[in-house]
Amino acid sequence: MIPRATYRLQLTRDFPFAAAEDIVPYLAALGVSHVYASPITMARSGSTHGYDVIDPTRINPELGGESGFRSLVAALRARGMGIVIDIVPNHMGVAGGENPYWNDVLRLGPDSPYAGWFDIDWQSGPLVLPLLGATLTQAIENGDIRLSAGNDPHLLLYGDQRLPLEPGSLEQEPDELRRLLDMQHYRLVHWRAANDLLNWRRFFSINDLAGLRIEDAAIFHATHRLYFDLFGEGLIDGVRVDHVDGLSDPAAYCRSLRAAFDAIRSGPDRAYIVVEKILAADEPLSPDWGVDGTSGYDFMSDMTALLHDPSGEAPLRALWQNLDPEHGDPARVVLEARRDMLSWQFEGQLAACVPAFAALAGSARTADAALEAVTPAMIRRAIERLLWVFPVYRTYGDGRAAPMSDATVRERAWNAVQPHLPPARQRWQGISLTGWEALVRAMPIALRRPCGASSSFPHPSPPRAWRTPPSTATPRCYPPMMWAPIRNGSPFLRRNFTEGCRPVQRSFPMPCSRRRPMTISAARMFVPGLRC
């Protein structure tokens, strides 16, 4: 069933499936065709949003469990309605000691059968846990870390957080807590050290959410089995994919998701798939991902812009520049915010990119022998400056080839980074412009080398792109505050709205309601005569 109009429900233990079922008649009267539900899988106890999933294989009992979900779906079907659920392939919630997969990794380290689920750099040492509010020495002295013996020995942190112990560590009967801690597969550090020391991928700068290696086929199927079963039984009509750009290869993931759903049921009743995708103002969604569109940030941006009179931009900016000259230039404010964000919150991820690109530079020496003079510090500065100006959320190579759009992005990045490079006469102490340009252009390239450079670069890029404009730059520069949607660009329409819709329809040649259920009808409210 293709959605005509969706209504989002934020499910919690205070608003479970039963409460949602109670309002089905009201939604039907509104003309809603589908409920769009927040994640229904097991989340951390008391979660107010559901995106901190701790077990993607089970329906959350706090919401009413499987029986409650089936009852809700039955009520929807009785009125000719359906449901689309939110799924979270990028990460899992790991706070509070409730995630059984993460706990097993803490207990067994790289020998855990679930160690491969998470994006952890074991070569750098034990898994870093930024859970302390003081130094480790202070925490021990204050009694904030205690050993709980008995049938299930574990560490107790701040009185309520349990940490599993390596099975052989208690056999040594250590005479001090510090020695016991040194024997674990994890290392406790102050929470402020996370940005610098973290050796596993997290969701943006949130230490409670650990990144999943969903590109692994076994992990993909293990974590998605429930969704496929629900679709096979006719209980859901599709999914909205949360934070698809956090994945190593979003395009490949979406194609795998489409293939798996189509293997169950294709044709007119195939699964409806949309992705949470942040597009730059002039960036299209690739039509070969196998999805039905985005969840609408791009449309909200255009619609919001349509509602603003462009003639008001100049006087508003002039007023703000008089009130706060220091933050009067939006472009400069965004650049400063990007620098701050990279330095304050993503130092660890930035540092992790350097060895990968050092190996890439080494492999490029045949093209320019002067690259032998390139040092890791030089490479770090190059990556840093590219991230200051990178024009899109990320690039999309699959490890073997890159889409044509990536070449355009690399060209734009090279041009944008020029003002931040050293003068030509000082350029890397004799390295030719050709060599420097080749290396900088190669930074975001999507032809993955064994060093993993292409997979390293996207991880600090999306957080920098997503967090900077709305979260950091906007509060410093007032005019863009009117522009609520998450997207890079201007709150004022720079093009004809109707013409802006046409490329979307050309790339997704399907009934308007199939791609974005609410968008075309909403557009017609403001643009009479709009056609698909």
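A residue counts as buried here when its relative accessible area is under 20%, so R240 at 7% goes into the buried group. Keep that cut-off in mind, since burial comes up often below. One caveat up front: this is a predicted model. The protein has 532 residues, and 52% of them count as buried. Its secondary structure adds up to 21 helices and 15 strands.

**The overall picture**

- If you take contacts between residues at least 6 apart in sequence, 71% of them join residues at least 24 apart.
- The accessible surface is about 23,400 Å², and carbon and sulfur atoms account for 53% of that.

**Strand β5 and its neighbours**

- Strand β5 covers residues 82-87, and six of its six residues are buried.
- Burial applies to both faces of β5: G82, V84 and D86 are buried on one side, and I83, I85 and I87 are buried on the other.
- β5 runs parallel to strand β2 (residues 34-37), and four bridges join the two.
- Within that pairing, V35 has I83 of β5 as its bridge partner.
- β5 is also joined to strand β14 (residues 238-241), again by four bridges and in parallel.
- Here I85 finds its bridge partner in V239 of β14.

**A salt-bridge network around R240**

- By the distance rule used here, the model holds 20 salt bridges.
- Four residues are linked in a network of salt bridges: D86, R240, D242 and E276.
- One of these links is the salt bridge between the side chains of R240 and E276, with 3.6 Å from N to O.
- R240 sits in strand β14, while E276 sits in the loop between β15 (272-275) and α10 (297-306), so this pair ties together parts that are 36 residues apart in sequence.
- R240 is buried at 7% relative accessible area, and E276 also counts as buried, at 15%.
- D86, another member of the network, is one of the buried residues of β5.

**Two other salt bridges to look at**

- E62 pairs with R13 in a salt bridge whose closest N and O atoms are 3.6 Å apart.
- That pair links distant parts of the chain, 49 residues apart: E62 is in the loop between β4 (53-59) and α3 (65-78), and R13 is in the loop between β1 (6-9) and α1 (17-22).
- E62 counts as partly exposed, with 27% relative accessibility.
- D262 and R258 form a salt bridge too, with their closest N and O atoms 3.4 Å apart.
- This one stays within helix α9 (residues 250-264), where D262 and R258 are four residues apart and so separated by about one helical turn.
- The two ends of that bridge fall into separate burial classes: D262 is partly exposed at 24% relative accessibility, whereas R258 is buried at 6%.

**Two three-stranded sheets**

- One open sheet has its three strands in the order β8-β9-β10, paired antiparallel.
- Its edges are β8 (145-148) and β10 (161-164); each has a single partner strand, so one side of each has no neighbour in the sheet.
- Neighbouring strands in this sheet are turned by 30 degrees against each other on average, ignoring direction.
- Four bridges hold the antiparallel pairing of β8 with strand β9 (residues 154-157), and R146 stands opposite L156 of β9.
- A second open sheet, also of three strands, runs in the order β6-β13-β12 with antiparallel pairing.
- At its edges are β6 (91-93) and β12 (202-203), each with a single partner strand, so one side of each is left without a neighbour in the sheet.
- β12 pairs with strand β13 (residues 206-211) in the antiparallel sense over two bridges, and R202 has A210 of β13 as its bridge partner.

**A nonpolar spot on the surface**

- Y7, Y26 and L30 make a nonpolar surface patch of about 310 Å².
- Y26 belongs to helix α2 (residues 24-30).
- With a relative accessible area of 49%, Y26 is partly exposed.

Note on methods. Residues are numbered from 1 along each chain as its sequence is written. This is a predicted model: local features need pLDDT of at least 70, side-chain atom pairs count only at pLDDT 80 or more; totals for chains, interfaces and linings use all residues. Side-chain values use heavy atoms; hydrogens and water are left out. Two strands pair if DSSP finds at least two bridges between them. Axes are lines fitted to C-alpha atoms, for helices over the stretch in contact, and angles run from 0 to 180 degrees between N-to-C directions. Patches are made of residues with over 30% relative accessible area and no salt bridge: like charges are joined within 9 Å, nonpolar side chains (Val, Leu, Ile, Met, Phe, Trp, Tyr) within 5 Å. Accessible areas come from the Shrake-Rupley method with a 1.4 Å probe; for residues, only the protein chains shown count as cover. Buried means under 20% relative accessible area, exposed over 50%, partly exposed in between (1.4 Å probe, protein chains only). Contact means heavy atoms within 4.5 Å.
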